[in-house]
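Student: I'd like to go through this model with you before I set anything up. Could you take my questions one at a time?

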There are 2 protein chains.
Amino acid sequence: MSATDRTRVRRHPERGAYEREPIDAILDEALICHVGFVVDGQPFVIPTIHARVGDVLYLHGSPASRMLRTLRDGVDVCVTATLLDGIVLARSVYNHSMNYRSAVVLGRAREVVATDEKLRALEAVVEHMVPGRWSDARQPTQGELDGTTVLALALDEASAKVRSGPSNDFDRDAELPVWAGVIPLRLEAGAPEADSVDVPLPPYLRD
Amino acid sequence: MSATDRTRVRRHPERGAYEREPIDAILDEALICHVGFVVDGQPFVIPTIHARVGDVLYLHGSPASRMLRTLRDGVDVCVTATLLDGIVLARSVYNHSMNYRSAVVLGRAREVVATDEKLRALEAVVEHMVPGRWSDARQPTQGELDGTTVLALALDEASAKVRSGPSNDFDRDAELPVWAGVIPLRLEAGAPEADSVDVPLPPYLRD
């Protein structure tokens, strides 16, 4: 994929990437994304879960949701997924930063109507959250499928931006007696909390 | 604060809140937000750090950044901060969900030009990331201040949306032999990684 005028990373262009591999890796690791769309000139940014299947990013939700109703009309959308990797403490306040990986996808979504694609998309969303979960839980009824809007966004125009590594202090600050370095950040999963004790913890939840 | 037609939570209205206390708490806990703005009809969603001081949300960045250049013209903006609290596993795939807290702020930003407000805003951003850090690091020079754009967004139109608690299965699914519950999620900070061993870890980094 090439950078377009809309996806090219302008600030710190050395942090930009336009290959599918880093973009896909960020989309696949992020549990949620933030979806941007415009209603009457006002941008809205809404968090939602997603899943990637090959060249397509799937979103889903209620047919009553403003976001889904807006997006299925084929309007311009921006989907951004961000992973926080650390707080970067420099010797000067000016050079403080974050380590992060973000992916930005632009395009227009289409509504998925074929039942088989809809099921594959919902399976991908559930498996994205908890691998192994889909086949263990009760499958959707036709009514539940009809009550779920699924949207597909092609990964045609996208970019990644990544900052990693230690602080970038100015040379003139290198000898200041100020602690500098990185506080790593990680989204950690805790021990599963069961609704009832009747069903043992399945193997796919034991890691 | 009252809900407006633009901030009212439509899907699961019982999850919506319009008081400043929950909104402020989410903005204060979230290390980053996602900023939505429109350029030539195309929405963009960009992650960035922020800080709240009283009734104002501050953003900052390079004067060369497209986001900052666009926003300081006083265009409509949406700032969304999201905290992930858990993955909710229901007995049916249909009722799977996430536990989260999100805050959405709408409005138009103004550029901060007064040096004292700019300094207070930057101090708030640094203290928001690492309390105690501001006074320890080298303070900004006039050139660094001039090279930083700070924007202020009043917390006049905002909402929070919160999902918490166990899975909401349909009554008819309650007896299914499927594990149901919550996998808690938490952004964890690891041990600080120093750039050099010359300066001891300051007290404010020891927790």
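Tutor: Gladly, and one term comes up front: two strands are said to pair if DSSP finds at least two bridges between them. Please also keep in mind that this is a predicted model.

Student: OK, so which strand of chain B does β10(A) join, and how do the two run?

Tutor: β10(A) is joined by two bridges to strand β11 of chain B, residues 193-194, and the two strands run antiparallel. Within that pairing, A:G181 has B:A194 of β11(B) as its bridge partner.

Student: And what rotation superposes chain A on chain B?

Tutor: A rotation of 180° with 0.0 Å of shift along its axis does so, with an RMSD of 0.0 Å. The two copies are therefore related as by a two-fold rotation axis. The same surface serves both copies, since 100% of the contact residues of chain A recur in chain B.

Student: Which residue of chain A comes closest to that axis?

Tutor: That is A:L187, whose C-alpha lies at 2.1 Å from the rotation axis.

Student: How many residues does each chain put into the contact?

Tutor: Chain A gives 76 residues and chain B gives 76 residues. On the side of chain A that touches chain B, the elements that each supply at least two residues include β2 (32-39), β5 (76-89), α3 (115-129) and β10 (181-189). The largest share, nine residues, comes from β10(A), and the residues of that side divide into 46 nonpolar, 15 polar and 15 charged.

Student: Switching to α3(A), how far does it reach?

Tutor: α3(A) has 15 residues and reaches 21 Å from its first C-alpha to its last, which is close to the 21 Å expected at 1.5 Å a residue.

Student: Which of its residues are buried, and what do they pack against?

Tutor: Among the buried residues of α3(A) are A:K118, A:L122, A:V126 and A:H128. The buried residues of this helix pack against β3, β4 (56-61), α4 (142-146) and β8 (149-154) of chain A, together with β5 (76-89) of chain B.

Student: Last one: where does B:P202 sit, and why does it count as partly exposed?

Tutor: B:P202 is in the segment after β11 of chain B. B:P202 counts as partly exposed because it has 16 C-beta neighbours inside 10 Å, whereas a buried residue would need 20 or more and an exposed one 12 or fewer.

Student: What does B:P202 touch, leaving out residues up to four places away in sequence?

Tutor: With those set aside, B:P202 touches A:W179 and B:D136. B:P202 and B:T149, by contrast, are 53 residues apart in sequence and 29 Å apart in space, C-alpha to C-alpha.

Key: Residues numbered from 1 in each chain as written. Chains lettered and ligands numbered in written order. Predicted model: local features only at pLDDT ≥ 70, side-chain atom pairs only at ≥ 80, totals over all residues. Least-squares fit on C-alpha atoms with pLDDT ≥ 70 in both. Contact = placed C-beta atoms within 7 Å. Helix = DSSP H or I, 4+ residues; strand = E, 2+ residues; numbered from the N terminus. Nonpolar A, V, L, I, M, F, W, Y, C, P; charged D, E, K, R; others polar. Expected span 1.5 Å × (residues − 1).
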